[in-house]
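The following account leads the reader through a single protein model, beginning with one acidic residue and widening to the chain as a whole. Please keep the structure in view while reading.

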Amino acid sequence: VLVDGMDGTIGSVIENILTTKGIEHYGVPSTAGITPESLSSIHGNKPVKTIISCIPYDKKRYKHNEHFFNREFFEQFNDCVDFISISRGPTHNNDDFLKLLEDKKIGNVHIDTVDSYNRDKLLEFDNFHYYEHQAWDYVKLDPKELFFRLNQQIEYAGITETLAKAGKNED
């Protein structure tokens, strides 16, 4: 499992959840970006099966993250990957997601914010799972409660099994 944005508040809680569940994972700071070279240095040549996005976005400080998750990003991975995002909608390129889903370059998508552009087309895919955005419910929680609630959401979404499979070392 590759966590992009693991240095943030939610990303560090995601890291804790993965560690607690014994799931092998690698983290990238939200400012680092991911290139084929950085992927290799992060986890060697092990295949990435699941990507979790926790990168920030706003129109001023994090404008560079707009459409970060696009066709070029996903083509860095040799195999089809599952994608879980709790990042803001503008970090996803919906046109590219349509093509990636059609070409089966992405397995399952679990996402809680989707821009309105082409949202209806994305929702037509059985493997595109759109959840209600709940980040504001978590803003003022203490770290233990945040861990508990995020863990519940992961269990609710049914993605624990996906994460466990992705985190197994298949040498």
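In this predicted model, Asp-96 is in contact with Asn-70 and Arg-71, once its neighbours within four places in sequence are set aside. Asp-96 itself belongs to helix α4, which spans residues 94–102. Although Asp-96 is buried, it has no salt bridge. The nearest side chain of opposite charge is that of Arg-71, and it lies 6.2 Å away; since a salt bridge requires the nitrogen and the carboxyl oxygen to be within 4 Å, the pair is not counted as one. The backbone of Arg-71 offers another partner: its nitrogen lies 2.9 Å from a polar atom of the Asp-96 side chain.

Where, then, does the side chain of Arg-71 form salt bridges? One partner is Glu-75, with the closest N and O atoms 3.0 Å apart. Another is Asp-103, again with the closest N and O atoms at 3.0 Å. The pair of Arg-71 and Asp-103 joins distant parts of the chain, 32 residues apart: Arg-71 sits in helix α3 (residues 71–74), whereas Asp-103 sits in the loop between α4 and β5 (106–111). Asp-103 also meets the side chain of Lys-99 in a salt bridge, at 3.5 Å from N to O. Arg-71, Glu-75, Lys-99 and Asp-103 are thus linked in a network of salt bridges. A search of the whole structure finds 3 salt bridges.

The members of this network can also be placed by their accessibility. Arg-71 has a relative accessible area of 24% and is therefore partly exposed. Asp-103, at 33%, is partly exposed, and Lys-99 counts as partly exposed at 39%. Glu-75 is partly exposed as well, with a relative accessible area of 41%.

The cysteines raise a separate point. A disulfide is a covalent bond between the sulfur atoms of two cysteines. The count of disulfides here is 0. Cys-54 counts as buried because its relative accessibility is 14%, while Cys-80 counts as partly exposed at 41%.

These details belong to a chain of 171 residues, of which 44% count as buried. The chain contains 7 helices and 6 strands, and from the N terminus its elements run β-α-β-α-β-α-β-α-β-α-β-α-α. Among contacts with a separation of 6 or more, 62% come from residues 24 or more positions apart. The chain exposes about 9500 Å², and carbon and sulfur atoms supply 49% of that area.

Conventions. Residues numbered from 1 in each chain as written. Predicted model: local features only at pLDDT ≥ 70, side-chain atom pairs only at ≥ 80, totals over all residues. Heavy atoms only, no water. Disulfide = S-S within 2.5 Å. Buried < 20%, exposed > 50% of the residue type's maximum accessible area, 1.4 Å probe, protein only. Helix = DSSP H or I, 4+ residues; strand = E, 2+ residues; numbered from the N terminus. Lys, Arg positive; Asp, Glu negative; His and termini not counted. Polar contact = N/O pair within 3.5 Å; in protein donor to acceptor, adjacent residues only side chain to side chain. Contact = heavy atoms within 4.5 Å. Areas by Shrake-Rupley, 256 points an atom, 1.4 Å probe, with all protein chains shown as cover.
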